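Open your viewer, switch to a cartoon representation and keep the selection box handy. We will walk from one stop to the next, with something to select at each.

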Amino acid sequence: MGLQAAKLRVGIIGCGNISGIYMKNCRVLPGLKLVACADALPERAEAKAREHGIDALSVDALLESPEIDLVVDLTVPAAHSLVNQRALEAGKHVYSEKPLAVTRAEGEATVALAESRGLRVGCAPDTFLGAGLQTCINLIDQGVIGEPVAAVAFMAGHGPESWHPDPAFFYKQGAGPMFDMGPYYLTTLIAMLGPVARISGVARKSFAERIATSEARKGERLPVEVPTHYASTLEFASGPVASLLISFDVWAHNLPRIEVYGSEGSLSVPDPNTFGGPVRVKLAGDAEWREAPLAPGYTDNSRGLGASDMALAIAEGRPHRASGQLALHVLDLMESAQEAYETAQYVKLRSSVTRPAPLPVEKAVG
Ligand SMILES: NC(=O)c1ccc[n+]([C@@H]2O[C@H](COP(=O)([O-])OP(=O)(O)OC[C@H]3O[C@@H](n4cnc5c(N)ncnc54)[C@H](O)[C@@H]3O)[C@@H](O)[C@H]2O)c1
């Protein structure tokens, strides 16, 4: 089937902060054709529709439209489950922003519904399909650093209330640093090292409220409902162990983002919230870190690449990479991190996932 025939007609629900880049990319990424958008606040959808030359519809009209094959859900996390499931009920494939849902049970229901309807569900993040993280996956698979034995992943900052125009949701159930930023770090670790077997750790809520300093909400008090600092230990089914720190409570630090330690050397992984490099390697005996040439592929902000891969996968009859099952394993991990500190015990993951296939070089070029 040619690329033209494979194109899925896309309707975006949720026209907030992140929607602009999706609208730009859904017009150019292979397999996608952007046709309409909707938002609970119709004026937001209308403004975006004018900007991008597409139709603004009500959420109901978008879901009912026979002109739409794929719903891209860019609503806030607490709405993902409802919007995703309504789209599946309406017979559409779904690609959701992260997290897939705010509870494991809701995520399981979404994936089960898609399976029962013969529809696809995909989920962000898709940064592991970018040239930077694909280079890391290739280097690990080629054995460049030997057998992976351990990894670290650090996301530390002081929360999004300084820049996000509408930051309240970040401190509500289903958000916090683990549910907001965890998916980038956990998805990247899984894409490199495979599924996780069990997790332990602690967490804390360091501040009862936050004060917004972003221009739109300056001075607004944001109650904090969720832990804002996690220190977790992950054991991968294939053997390696990882130390994970995810925090909105840190003003400054000197930490790397992700490093993988192998029996023959170390791999420095780029920011998993981006698609490019740099990727650096230092093997036993090397005096300095060396920058690895990037695999061909996407290096710019290519959010939506996972939806594009899903559209092509449907046409080619193969599994897609940024899958609901992968997002469900990530969700399971995030909820398990919370359970681990609440029970002060290791939590065995309920779910698993086959590591997504690396992109073949010719596909990575896009
Ligand atoms: N902002 C970022 O930089 C960023 C980056 C990556 C991922 N994300 C993810 O993208 C999603 C959206 O984030 P955002 O920053 O754009 O949020 P936002 O609050 O700016 O926008 C969300 C939009 O969804 C609409 N909405 C909420 N519930 C709805 C419903 N039930 N039906 C229809 N519309 C509804 C809101 O009116 C709003 O316009 C989140 O899951 C977030 O984690 C955001």
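How many residues surround the ligand, and which are the closest? Keep in mind as you look that this is a predicted model. Select the ligand and its surroundings: 22 residues make up the shell, and the closest are Gly-14, Gly-16, Asn-17, Ala-40 and Glu-97. Color the shell by class and you will see 11 nonpolar, 5 polar and 6 charged residues. The element that gives the most to this shell is helix α5, residues 77–89, with 3 residues.

**Stop 1: the parallel sheet**

Next, pick out the open sheet of 6 strands, whose pairing is parallel and whose order is β3-β2-β1-β4-β5-β6. At its edges are β3 (55–56) and β6 (121–123), each of which pairs on one side only. For a look inside the sheet, select residues 8–13 and residues 70–73: these are strands β1 and β4, a parallel pair with 4 bridges. Show Val-10 and you can find its bridge partner in β4, Leu-70.

**Stop 2: from α5 to α6**

Go back to α5 and add helix α6, residues 104–117. Two packed helices are described by the angle between their axes and the distance between the axes. Here the angle is about 10° and the axes are 10 Å apart, which means that α5 is roughly parallel to α6. To see the contact, show Ser-81, Asn-84, Gln-85 and Leu-88 in α5, then Glu-106, Ala-109, Thr-110, Leu-113, Ala-114 and Arg-117 in α6. By class, the residues of this contact are 4 nonpolar, 4 polar and 2 charged.

**Stop 3: from α6 to α10**

Keep α6 on screen and add α10: the two axes come within 9 Å and cross at roughly 170°. The pair is therefore roughly antiparallel. On the α6 side, show Arg-104, Gly-107, Glu-108, Thr-110, Val-111 and Ala-114; on the α10 side, show Gly-324, Gln-325, Ala-327, Leu-328, Leu-331, Asp-332 and Glu-335. This contact of α6 with α10 holds 5 nonpolar, 4 polar and 4 charged residues. If you look along the pair, note that α6 passes α10 in a left-handed crossing.

**Stop 4: the mixed sheet**

Which strands make up the open sheet with mixed pairing, and in what order? Select its 9 strands and follow them as β16-β15-β14-β13-β7-β12-β11-β8-β17. The edges belong to β16 (290–291) and β17 (347–348); each has a single partner strand, so one side of each is left without a neighbour in the sheet. Helix α10, residues 324–343, packs on this sheet and touches β8, β11 and β17, with its direction at about 55° to that of β8.

Now zoom in on strand β8 (residues 196–204) and strand β11 (residues 229–236), an antiparallel pair joined by 8 bridges. Ile-199 has Leu-234 in β11 as its bridge partner.

Then move to strand β7, residues 148–156, which pairs in the antiparallel sense with β13, residues 258–262, over 5 bridges. β7 also runs parallel to strand β12 (residues 241–247), with 7 bridges joining them. Ala-153 is a handy residue to label: its bridge partner in β13 is Ile-258, and Ala-153 also stands opposite Leu-244 in β12.

**Stop 5: α7 against α8**

Select residues 131–141 for helix α7 and residues 176–193 for helix α8; they pack at an angle of about 30°, with their axes 9 Å apart. This time the crossing is right-handed. Show Leu-133, Cys-136, Ile-137 and Ile-140 in α7 where they meet Thr-188, Ala-191 and Met-192 in α8. The contact of α7 with α8 has 6 nonpolar residues, 1 polar and no charged.

**Stop 6: backbone details in the loops**

Finish by displaying the backbone at three places.

- Pro-125 is in the loop between β6 and α7, and the peptide bond from Ala-124 to Pro-125 is cis, with omega near 0°.
- Pro-278 is in the loop between β14 (265–269) and β15 (280–283); the peptide bond leading to Pro-278 from Gly-277 is cis, with omega near 5°.
- Ala-344 lies in the loop between α10 and β17, and its phi is near 55°, a positive value in a residue other than glycine.

Methods
Residues numbered from 1 in each chain as written. Predicted model: local features only at pLDDT ≥ 70, side-chain atom pairs only at ≥ 80, totals over all residues. Near = placed C-beta within 6 Å. Helix = DSSP H or I, 4+ residues; strand = E, 2+ residues; numbered from the N terminus. Nonpolar A, V, L, I, M, F, W, Y, C, P; charged D, E, K, R; others polar. Axes fitted to C-alpha atoms, helices over the stretch in contact; angles between N-to-C directions. Left-handed = near helix turned anticlockwise from the far one by under 90°. Contact = placed C-beta atoms within 7 Å. Pairing = 2+ DSSP bridges. Parallel < 35°, antiparallel > 145°, perpendicular 65-115°, else oblique.
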